[in-house]
Amino acid sequence: MKRSFKITASIIAILVAVLTGVIAYYWPIIEPGFDGSAHYTEQETRLYEHFTPEILKKMPRISDRYEFAFYNVSGPESQGYTVTFHDTTDTSKISAYLASLGYSKHNDCVVSGDCWRGKNPEVTVTVGTIAQNKDVLVSVVYTHQY
């Protein structure tokens, strides 16, 4: 009886330790999911890899100083991802990049800036500048249509 109790207790202890380690490793990714938003840099590898869509990962870095963000726009139906480039207002490389991916400009933007749409109707990319701060803000919004 004592031996089976020790084995069971050992197995439970090992499972608790493994589960604790897994939660500790993934917590930086899990927590923003609860909050509905995250702000991070490319050096925060787990957040960057988990939250950043490919279009932003491959976006030309038009400044040495930039940061990313993720946010739920209206619950799980829409997610937004942004990269903000500081100390610049030149968007020509971003425009060329989006055009090379098959995106085209549209005039039906509900925010200030340029709206870009590609083949996927659920994806909208906006590119805007904040001249007084010398910032460029690129947003990618995924709106899931059910």
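Select Asp87 to start: this residue is found in the loop between strand 3 and helix 4 (92–100). The coordinates are those of a predicted model. Asp87 has a phi near 65°, a positive value in a residue other than glycine. Most residues other than glycine have a negative phi. With a relative accessible area of 48%, Asp87 counts as partly exposed, because the partly exposed class runs from 20% to 50%.

**Whole chain**

Zoom out before going on. The protein has 4 helices and 7 strands, and their pattern along the sequence reads α-β-α-α-β-β-α-β-β-β-β. Of its 146 residues, 34% count as buried. About 9400 Å² of the protein is exposed, and carbon and sulfur atoms supply 58% of that area. Among contacts with a separation of 6 or more, 46% are between residues 24 or more positions apart.

**The sheet**

Now select the strands. The 7 strands make an open sheet in the order 1-2-3-7-6-5-4, with antiparallel pairing. Which strands stand at the edges? They are strand 1 (37–40) and strand 4 (104–106); each has a single partner strand, so one side of each lacks a neighbour in the sheet. From one strand to the next, the twist averages 20°.

**Strands 2 and 3**

Select residues 66–72, which are strand 2, together with residues 78–86, which are strand 3. The two pair in the antiparallel sense over 7 bridges. One position to display is Tyr71, which stands opposite Gly80 in strand 3.

Stay on strand 3 and pick Thr84, which lies in that strand. Is Thr84 buried or exposed? Its relative accessible area is 15%, so Thr84 is buried, the cut-off being under 20%. Leaving aside residues up to four places away in sequence, Thr84 touches Arg65, Tyr66 and Glu67, and also Asp135, Val136 and Leu137. Tyr66 and Glu67 fall within the range of strand 2, residues 66–72, while Asp135, Val136 and Leu137 fall within that of strand 7 (135–143).

**Strands 3 and 7**

Add strand 7 to the selection. How many bridges join strand 3 to strand 7? There are 9, and the two strands run antiparallel. At one of the paired positions, His86 stands opposite Asp135 in strand 7. Keep Asp135 labelled for the next stop.

**Strands 6 and 7**

Strand 6 (123–130) comes next. Strand 6 and strand 7 run antiparallel and are joined by 8 bridges. Ile130 has Asp135 in strand 7 as its bridge partner. Asp135 thus appears twice on this tour, opposite His86 and as the partner of Ile130.

Follow the backbone from Ile130 into the turn. Strand 6 and strand 7 form a hairpin, with 4 residues between them. Lys134 lies in this loop. Its phi is near 55°, again a positive value in a residue other than glycine. The relative accessible area of Lys134 is 44%, so this residue is partly exposed.

**Last view**

To finish, display Asp87 and Lys134 together. Asp87 sits in the loop between strand 3 and helix 4, and Lys134 in the loop between strand 6 and strand 7. Phi is positive in Asp87 and in Lys134. Colour by accessible area to set Asp87, partly exposed at 48%, and Lys134, partly exposed at 44%, against Thr84, buried at 15%.

Conventions:
Residues are numbered from 1 along each chain as its sequence is written. This is a predicted model: local features need pLDDT of at least 70, side-chain atom pairs count only at pLDDT 80 or more; totals for chains, interfaces and linings use all residues. Side-chain values use heavy atoms; hydrogens and water are left out. Two strands pair if DSSP finds at least two bridges between them. Axes are lines fitted to C-alpha atoms, for helices over the stretch in contact, and angles run from 0 to 180 degrees between N-to-C directions. Buried means under 20% relative accessible area, exposed over 50%, partly exposed in between (1.4 Å probe, protein chains only). Contact means heavy atoms within 4.5 Å. Accessible areas come from the Shrake-Rupley method with a 1.4 Å probe; for residues, only the protein chains shown count as cover.
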